[in-house]
Amino acid sequence: MNAPNKSGWKPEMNAADDGMHNGPKTVTGNRALMLEEPLLFEIGHVGNTGVDLPEPTGGANRLGGFDRSDAIGLPGLTEPETMRHYTRLSRQNYAIDLGLFPLGSCTMKHNPRLNEKVARMPGFADVHPLQPVSTVRGALEVINELAHWLIELTGMHGVAMSPKAGAHGELCGILCIRAALEARGDAREVILVPESAHGTNPATAAFAGYRVEDIPANSDGRVDLEALKARLGPDVAGVMITNPNTCGLFERDMKAISDAVHAAGGFVYCDGANFNAIVGKVRPGDLGVDAMHINLHKTFSTPHGGGGPGSGPVVLSEALSPFGPLPYTARTKDGVVHLVEEESADSFSEEHFGGRMQSFGRMTAFHGQMGMFTRALTYILSHGADGLAQVAEDAVLNANYILRSLEDLLDAPFGHSGPCMHEAIFGDKGFEGGLSTLDLAKALIDEGYHPMTMYFPLVVHGAMLIEPTETESKAGLDQFIAALRGVAERARAGDESMKQAPYYAPRRRLDETQAARKPVLAWEEPSPPAGTPTLSEQGGS
Ligand SMILES: *Cc1c(COP(=O)(O)O)cnc(C)c1O
């Protein structure tokens with residue numbers, strides 16, 4: 001096959017050829033073992049394939065006239081070409097298995113391999129949600145055991161296991177609140193959300209049909225209790241409060257907030273994304289929380305998975321449990337946790353519940369992310385109660401080590417508020433020469449680190465939110481701190497060269513505004529030299 005050279009990449013796209021490096025230009029554009037990689041469409045050819053099947057013969061055409069009449073236009077590659085394509089691309093990615101991932105609020109901790117081993121056991125990995133219940137007793141037992149731990153660790157009454165992310169859990173919790181209010185004929189319209197909240201909080205409240213109002217923060221970075229109390233009234237359905245909050249601070253007034261909200265007839269939603277800072281130390285149920293999501297991919301070390309296999313179970317108070325989505329797990333009167341599910345029936349269809357419960361409905365078709373449940377339970381059982389408390393202690397210790405190691409160079413707006421929890425926050429005060437948080441973050445890429453969370457929370461100018469997690473060693477933290485001190489010093493000195501960073505990444509600085517405003521989402525075949533067949537003209541099957 002004479003595939004035309006359709007490759008669209010040019011050696012000058014490679015950082016090695018930007019004049020910033022002293023080495024010679026390479027013919028390939030590769031830099032030693034860092035290989036350039038064009039798009040699949042640029043290297044593929046319709047005539048290529050990884051399998052060798054004979055043309056089908058005989059047999060009646062059963063497509064009923066819906067046969068494809070023109071070529072499908074998908075690139076064809078051999079199996080080794082395909083492997084190399086994806087492996088090369090993966091080497092241009094940063095990953096938690098490569099180094100420290102300081103993204104604040106995201107809790108990018110090591111994913112223990114024991115979790116993976118257990119999740120791959122065929123009895124867990126191969127179950128199908130439509131199997132007869134009698135054949136998945138073990139899987140249900142895992143869900144129940146994990147539910148037991150989540151209820152125990154949070155001091156709550158029930159837990160909805162099915163939500164598939166933190167944001168999904170938020171929606172679940174707010175829908176429970178709405179169902180509970182509707183059940184008592186109480187139409188309330190407003191959800192109060194602190195200024196520092198994660199964007200998903202107001203989005204969730206708005207999506208569930210509520211009007212969102214801000215609660216101001218005090219100068220310590222915590223919710224202003226008096227301002228909150230002053231706003232409460234018969235129109236307030238509830239509050240959504242993150243604890244520890246997104247400034248990395250524990251909301252010390254949480255119990256007083258809950259009492260005030262309950263006295264005004266509302267409910268308390270707690271965003272539990274930061275639960276890793278207090279797991280084994282504080283039970284949100286004791287603080288009057290009615291609903292809280294737990295991001296298994298944060299606190300309990302399951303992979304984040306690029307928007308894929310997240311899991312966000314929602315623990316519920318006794319008042320909200322009856323309204324939870326099916327199936328859910330709750331405590332019986334004698335304290336035993338059980339799955340509110342089939343009554344010895346063979347499936348999980350709604351009919352089995354009849355009208356006997358007040359559930360608002362379903363969040364998902366089935367029980368949730370089984371693969372994440374097995375991983376999270378493995379993590380919990382391998383740590384034990386004492387180990388989980390140590391997770392919180394070490395996460396907080398590591399964050400404070402970062403806060404105190406950098407506050408002489410980077411502005412720490414809440415450094416005066418006492419120790420932080422699991423994340424340290426800095427602002428851009430003191431940067432010279434028009435340099436910004438973005439420039440510092442790009443320079444950090446050249447030092448071999450994924451940047452921290454930037455410009456969030458909004459209450460800090462040029463915010464840099466750093467969460468090391470408990471899985472980093474002191475040596476690893478010291479290396480990261482040294483890198484960060486280096487770029488912070490350059491920012492304070494107004495080092496112009498930072499505006500062009502990154503220099504060493506596979507791609508240089510991108511026009512992020514342009515990329516967001518005018519995203520190019522589909523590959524277009526470049527016009528070939530005259531006489532070359534285009535991909536869609538190459539035919540093939
Ligand atoms: C991560 C996070 C969320 C959203 O959780 P997802 O699992 O990403 O949907 C909500 N609030 C806070 C504070 C978070 O850090």
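Start by selecting helix H6 (residues 166-183) and helix H7 (residues 200-207) in this predicted model. Their axes are 9 Å apart, and the two helices pack at an angle of about 45 degrees. That angle makes H6 oblique to H7, and H6 passes H7 in a right-handed crossing. To see where they touch, show the side chains of Ala167, Glu170, Leu171 and Ile174 in H6. They meet Thr200, Asn201, Thr204 and Phe207 in H7.

Now zoom out for a moment. The protein has 13 helices and twelve strands. Of its 541 residues, 49% count as buried. If you turn on contacts with a separation of 6 or more, 72% of them come from residues 24 or more positions apart.

Next stop: helix H9, residues 254-263. Which of its residues are buried? Select Met254, Ile257, Ser258, Ala260 and Val261. Look down the axis of H9 and these buried residues fall within an arc of 165 degrees, so they line one face of the helix. Among the elements covering them are helix H8 (225-231), strand E4 (236-242) and strand E5 (267-271). Just after H9, click on Gly265, which takes a positive phi of about 85 degrees.

While you are here, go to the loop between E4 and H9, where you will find Pro244. A cis peptide bond joins Asn243 to Pro244, with omega at about -5 degrees. Most peptide bonds are trans, so a cis bond deserves a pause.

Move on to Ser301, in the loop between strand E6 (291-293) and strand E7 (314-316). Ser301 is not a glycine, yet its phi is positive, about 65 degrees. Is Ser301 buried or exposed? With a relative accessible area of 0%, Ser301 is buried.

A second residue of this kind is Thr469, in the loop between E12 and H12. Thr469 has a positive phi near 70 degrees, again in a residue other than glycine. At 1% relative accessibility, Thr469 counts as buried.

From that loop, step into helix H12 itself, residues 474-492. Try the distance tool on its end C-alpha atoms: they are 26 Å apart. At 1.5 Å a residue, the 19 residues of H12 should span 27 Å, which agrees.

Colour the buried residues of H12 next: Gly476, Leu477, Phe480, Ile481, Ala483, Leu484, Val487, Ala488 and Ala491. Seen down the axis of H12, they fall within an arc of 165 degrees, so they line one face of the helix. Helix H10 (370-406), helix H11 (437-446) and strand E12 (464-466) are included in what covers them. Rotate to the face turned away from the buried side and you meet the exposed residues Lys474, Ala475 and Gln479.

Keep H12 on screen and add H11. Their axes come within 10 Å and cross at roughly 135 degrees, which makes H11 oblique to H12. H11 passes H12 in a right-handed crossing. On the H11 side the contact is made by Leu440, Ala443 and Leu444; on the H12 side, by Phe480, Ala483, Leu484, Val487, Ala488, Arg490 and Ala491.

To finish, follow the chain onward from H12. Gly494 comes after the helix, with a positive phi near 65 degrees. In the loop between H12 and helix H13 (512-517), select Pro502. Ala501 and Pro502 are joined by a cis peptide bond, with omega at about 5 degrees.

Note on methods: Residues are numbered from 1 along each chain as its sequence is written. This is a predicted model: local features need pLDDT of at least 70, side-chain atom pairs count only at pLDDT 80 or more; totals for chains, interfaces and linings use all residues. Side-chain values use heavy atoms; hydrogens and water are left out. Helices (H or I, at least four residues) and strands (E, at least two) are DSSP runs, numbered from the N terminus. The expected span of a helix is 1.5 Å times one less than its number of residues. Buried means under 20% relative accessible area, exposed over 50%, partly exposed in between (1.4 Å probe, protein chains only). The arc is that of the directions from the helix axis to the C-beta atoms. Contact means heavy atoms within 4.5 Å. Axes are lines fitted to C-alpha atoms, for helices over the stretch in contact, and angles run from 0 to 180 degrees between N-to-C directions. Angles under 35 degrees count as roughly parallel, over 145 as roughly antiparallel, 65 to 115 as roughly perpendicular and the rest as oblique. A crossing is left-handed if the near helix is turned anticlockwise from the far one by less than a right angle, and right-handed if clockwise.
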